[in-house]
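Please open the model in your viewer and keep the selection tool at hand, since this tour moves from one pair of side chains to the next.

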Amino acid sequence: MLSNKQYIFLAIFIILLSLMGYFLSFTAKSHSQINVQLLWQHGELNCQTPFNTGEVNKNWLIEQFQFFISHIEYGSAETGWQKINLAQTPFQAHDTVLLGTNCQSAKPQTGSLKNSNWTIELEPLPGAGINKNSAIRFTLGVPFEVNHLNPISQKSPLNLPSMFWVWQTGHKFMRLELAANNEQWLFHLGSTGCKSASAMRAPKQACRYPNRFNFELPLSINSDGRLALNFDLATLLNNVDLTPSSSCQSEQNKLSCQQLFNNLSLVKQINNTPSVSSVSSVFRAVNIKPESPGEDVE
C-alpha cells in the first residue's frame with residue numbers, strides 16, 4: 001500500500017497534470033479562433049443595444065445582421081499569404097463562414113440566440129501560425145462556384161433560406177435589418193446582373209455585378225488571448241439616411257446602395273503597421289471584450 005507521503009505526491013502530480021492540460025488546451029484554443037465583434041463606433045453592439053444615427057428621438061435596434069466571408073488568408077505581402085483552413089462547424093462550409101446574429105430568433109426564456117455566431121474556428125496552423133504581427137485578408141461574400149447551387153443540398157450554413165435569394169442571384173452576402181419605432185430599414189448585399197434561363201436556374205458565368213468586397217487588415221489580440229476582428233456598423237451606415245425609401249437590395253443605380261458600396265470599399269492609410277499599407281474602415285482590429293461564441297444553427 002502507498003504511504004501517506006506517497007498519496008500526497010501522487011495527488012500533487014495529478015493536479016499538476018490537470019493544470020498543464022488546462023493551460024495547453026486554453027493556449028491551443030486561443031490560437032485556433034478569431035473572435036469577431038460588432039461595434040457602433042467604439043462601443044460593443046448587440047441585439048439589446050439601441051443606437052442613434054443622428055436623428056432626434058430615434059433609436060434603432062438590430063433585427064438581423066449576418067454576413068458571409070470566404071477565402072481567408074493570413075500573412076503579409078512581405079512574408080507571403082497562406083490559406084486558413086476552417087474547422088467544420090454548422091457555421092462554416094466550403095471555406096466560407098457565416099457571422100452575425102438573427103435577433104428575431106431569440107429564446108424568450110433564456111435570452112440566448114439561435115443562428116448567432118461571432119467566432120471563426122480554425123484548423124491547426126503550420127509553424128508559428130497567426131500572431132499579433134499577422135495580417136488577414138478575406139472576401140465579404142460567397143464564392144461564385146458555390147453561390148448559385150441548390151441550397152437544399154448544401155451544407156450548413158449555405159442552406160439557410162433567410163440568407164438566400166434564388167438560384168439566379170444566389171446568397172445574400174450580408175443581411176442587415178433594423179427597426180426604430182414603427183419604421184424598418186434593410187440592406188441585403190448580393191450579386192446582381194446574373195444571367196440564366198430563369199430565376200430558378202444558376203448562371204454559368206459570373207454576374208455582371210458580383211458585389212464581393214476584399215479586405216486586408218492587421219489583427220489584434222484581446223486581453224483573453226484570442227485574436228480579434230471587428231465590424232463597425234457606424235462606418236457602414238455613414239452618410240446613409242435610414243428611411244424606408246433608402247432600403248437597399250443591391251440595386252446598382254440606387255443612391256443609397258452606391259453609398260453603402262462606397263462605405264464597404266473605403267480604406268484608410270496606416271503608418272504604424274509595416275505589413276499592411278491600408279486597412280478597411282468597416283473591419284477593424286480593436287481590443288473589445290468578446291461576446292460568447294456561436295450557438296446552434298437550425
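Which residue forms a salt bridge with Asp 95? Select Asp 95 together with Lys 83, and you will have the pair on screen, with the closest N and O atoms 3.1 Å apart. Bear in mind from here on that this is a predicted model. Asp 95 lies in the loop between strand E5 (92-93) and E6, while Lys 83 belongs to strand E4 (residues 80-83), so the pair ties together parts that are 12 residues apart in sequence. If you add a surface, Asp 95 counts as partly exposed because its relative accessibility is 32%, and Lys 83 counts as partly exposed at 48%.

Next, select Arg 137 and Glu 73, whose side chains meet in a salt bridge of 2.6 Å from N to O. This pair links distant parts of the chain, with Arg 137 in strand E9 (residues 135-140) and Glu 73 in strand E3, 64 residues apart. Arg 137 has a relative accessibility of 29% and therefore counts as partly exposed, and Glu 73, at 22%, counts as partly exposed too.

Now move to Glu 55 and Lys 58, which form a salt bridge whose closest N and O atoms are 3.3 Å apart. Is Lys 58 buried or exposed? Lys 58 counts as buried because its relative accessibility is 11%, whereas Glu 55 is partly exposed, with a relative accessible area of 25%. Keep both residues selected and add Glu 183, since Glu 55, Lys 58 and Glu 183 are linked in a network of salt bridges. Side chains of opposite charge can pair when their charged atoms come close. Over the structure, the count comes to 5 salt bridges.

The second half of the tour turns to the cysteines. How many disulfides does a search of the whole structure find? The search finds 3 disulfides, and when the bonded cysteines are numbered in sequence order, the pairing reads 1-2, 3-4, 5-6.

Begin with Cys 47 and Cys 103, which form a disulfide with their sulfur atoms 1.9 Å apart. This pair links distant parts of the chain, for Cys 47 sits in the loop between strand E2 (43-44) and strand E3 (61-76), and Cys 103 in the loop between strand E6 (96-102) and strand E7 (116-117), 56 residues apart. If you set a torsion about the S-S bond, you should find -80°, and the link of Cys 47 and Cys 103 is left-handed. Both Cys 47 and Cys 103 are buried.

Continue to Cys 194 and Cys 207, a disulfide with its sulfur atoms 2.0 Å apart. Cys 194 and Cys 207 are 13 residues apart and both are placed in the loop between strand E11 (183-189) and strand E12 (213-218). Their link is right-handed, with 105° about the S-S bond, and Cys 194 and Cys 207 are both buried.

Finish with Cys 248 and Cys 257, whose sulfur atoms are 2.0 Å apart in a disulfide. The torsion about their S-S bond is about 120°, and the disulfide is therefore right-handed. Cys 248 is buried, with a relative accessible area of 0%, and Cys 257 likewise counts as buried at 0% relative accessibility.

Key
Residues are numbered from 1 along each chain as its sequence is written. This is a predicted model: local features need pLDDT of at least 70, side-chain atom pairs count only at pLDDT 80 or more; totals for chains, interfaces and linings use all residues. Side-chain values use heavy atoms; hydrogens and water are left out. A disulfide is a pair of cysteine sulfur atoms within 2.5 Å. Helices (H or I, at least four residues) and strands (E, at least two) are DSSP runs, numbered from the N terminus. Buried means under 20% relative accessible area, exposed over 50%, partly exposed in between (1.4 Å probe, protein chains only). A salt bridge is a side-chain nitrogen of Lys or Arg within 4 Å of a carboxyl oxygen of Asp or Glu.
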